[in-house]
Amino acid sequence: MIKELASVEFYGTIEHNEDISAVVSFGNFLAIGSDESERKIQVLEKCHDSYHVRNDLTIELTVLDKNEGQEIDIEGMSISNDHTLFVIGSHSLKRSKVKAEKTYQKNRDRFAKVISEERKNKIFKLTLDPQTGESQTTDGKETINLKQIIKNDPILGRFTAIPSKENGIDIEGIAADGNSLYIGFRGPVLRQNYVPVMVIEDYHHPEQYELRFVNLQGNGIRDLTKVKDGFLIIAGAAGDALNPYQLYFWDGVDTIPGNDKPQQAQLNLLGEIPTLNDAKAEGIAVLSETNSTYKIMIVYDGLPNGAPKLLQITKPAIFNEQ
């Protein structure tokens with residue numbers, strides 16, 4: 001069951017404030033990222049029941065390339081127990097949108113154009129201090145690129161030439177579990193509705209990975225985050241369809257079945273995430289966890305300041321039986 005709690009506000013100047021795509025909680029702080037940002041992550045400090053922008057704590061991601069003007073396309077952030085922050089780009093291609101104010105021929109030309117931006121193909125690693133909110137900004141050496149790894153994968157490689165939102169490669173979530181990273185794909189959604197999750201055991205050796213799959217009934221992963229016994233997943237449309245946004249619990253076990261499989265997966269639909277108009281539930285942060293509930297924050301792409309919403313989630317019945 002999903003229960004809405006008291007409202008929460010972000011105060012201060014939020015850059016790209018209607019394009020918030022990622023959020024993470026650490027200590028008395030939040031970090032938020034936008035899929036329109038070139039390289040900036042903003043840090044907010046909690047004050048009573050609201051969060052205030054700390055301009056002195058803004059994180060600038062360093063990129064060692066010459067692709068000025070390109071967006072990193074921040075889609076997911078996660079922080080590990082040792083306060084290491086991971087930030088991931090979408091690793092996607094995009095098709096240009098048609099616009100009503102342009103001529104028919106210009107829109108035809110735009111629609112035929114597929115854009116590749118190298119900066120989207122990165123994972124950044126840096127350290128946050130939960131006491132002060134300060135960061136040790138990456139110098140670019142703690143950055144890895146998954147593009148070639150994805151291209152060489154026998155399943156994912158077939159989708160690397162397809163734009164995102166058309167069932168091409170589109171990463172929108174990352175969760176840290178100890179030394180492992182779980183990377184959630186919005187697309188592709190494969191036959192029988194299986195969505196890939198790339199599990200990397202060692203950040204410095206991303207070529208050593210495993211693909212696991214979750215079945216979200218036709219939806220893709222819009223974000224995921226670590227909780228005590230597994231992960232919470234925001235599920236939403238892989239493309240531009242207006243599917244409802246749903247919240248799942250997943251224990252991290254591959255959901256593909258088999259009569260010789262030693263461990264069965266636990267995947268529970270927890271409920272539908274409340275939304276307004278055409279806003280997209282894009283980011284999730286766990287603020288607290290008890291034996292029976294999670295308290296989470298959801299931020300939305302398409303609403304001013306991300307329209308942060310606090311929710312209380314009842315854990316699956318399986319935990320109450322233990």
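## Salt bridges between separate parts of the chain

In this predicted model, Lys147 and Glu118 form a salt bridge in which the closest N and O atoms are 3.7 Å apart. The pair links distant parts of the chain, since Lys147 belongs to helix H2 (residues 147-152) while Glu118 sits in the loop between S11 and S12, 29 residues apart. Lys147 counts as partly exposed because its relative accessibility is 38%, and Glu118 is likewise partly exposed, at 28% relative accessibility.

The loop between strand S11 (114-116) and strand S12 (122-128) also holds Lys120, which forms a salt bridge with Asp73, with 3.9 Å between the closest N and O atoms. Asp73 lies in the loop between S7 and S8, so this pair ties together parts that are 47 residues apart in sequence. Both Asp73 and Lys120 are buried.

A further salt bridge joins the side chains of Glu4 and Lys309, at 3.3 Å from N to O. Here distant parts of the chain are linked, with Glu4 in strand S1 (residues 2-4) and Lys309 in strand S25 (residues 309-314), 305 residues apart. Glu4 is partly exposed, with a relative accessibility of 47%, and Lys309 is also partly exposed, with a relative accessible area of 24%. The count of salt bridges in the model comes to 15, and a network of salt bridges links Glu172, Arg186, Arg222 and Glu282.

## Overall architecture

The protein chain contains three helices and 25 strands. Its radius of gyration is 19 Å, close to the 20 Å that the globule rule gives for 322 residues, so the chain is as compact as a globular protein of that length. The C-alpha trace spans about 60 × 55 × 40 Å along its principal axes, and buried residues make up 52% of the 322 residues.

## Charged surface patches

On the surface, a patch of negative charge gathers Asp177, Glu201, Asp202 and Glu207. One of these residues, Glu207, is placed in the loop between strand S17 (194-200) and strand S18 (209-215), and it counts as partly exposed because its relative accessibility is 44%.

A positive surface patch is formed by Lys94, Lys97, Lys99, Lys102, Lys106 and Lys280. Among them, Lys94 is found in strand S10 (residues 93-95) and counts as partly exposed, at 30% relative accessibility.

## Backbone features in the loops

Two residues that are not glycines have a positive phi: His16, with a value of about 50°, and Asp73, with a value of about 60°. His16 lies in the loop between strand S2 (9-11) and strand S3 (20-26), where it is partly exposed, with a relative accessible area of 36%. Asp73, by contrast, is buried, with a relative accessible area of 7%; its place is the loop between strand S7 (59-60) and strand S8 (74-79), and Asp73 is also the residue that forms the salt bridge with Lys120.

A cis peptide bond joins Gly187 and Pro188, with omega at about 10°. Pro188 is located in the loop between strand S16 (180-187) and S17.

Terms used. Residues numbered from 1 in each chain as written. Predicted model: local features only at pLDDT ≥ 70, side-chain atom pairs only at ≥ 80, totals over all residues. Heavy atoms only, no water. Patch = residues over 30% accessible without salt bridge, like charges linked within 9 Å, V, L, I, M, F, W, Y side chains within 5 Å. Areas by Shrake-Rupley, 256 points an atom, 1.4 Å probe, with all protein chains shown as cover. Salt bridge = Lys/Arg side-chain N within 4 Å of Asp/Glu carboxyl O. Lys, Arg positive; Asp, Glu negative; His and termini not counted. Charge placed at Lys NZ, Arg CZ, Asp CG, Glu CD. Helix = DSSP H or I, 4+ residues; strand = E, 2+ residues; numbered from the N terminus. Buried < 20%, exposed > 50% of the residue type's maximum accessible area, 1.4 Å probe, protein only. Rg over C-alpha atoms; globule rule 2.2 N^0.38 Å.
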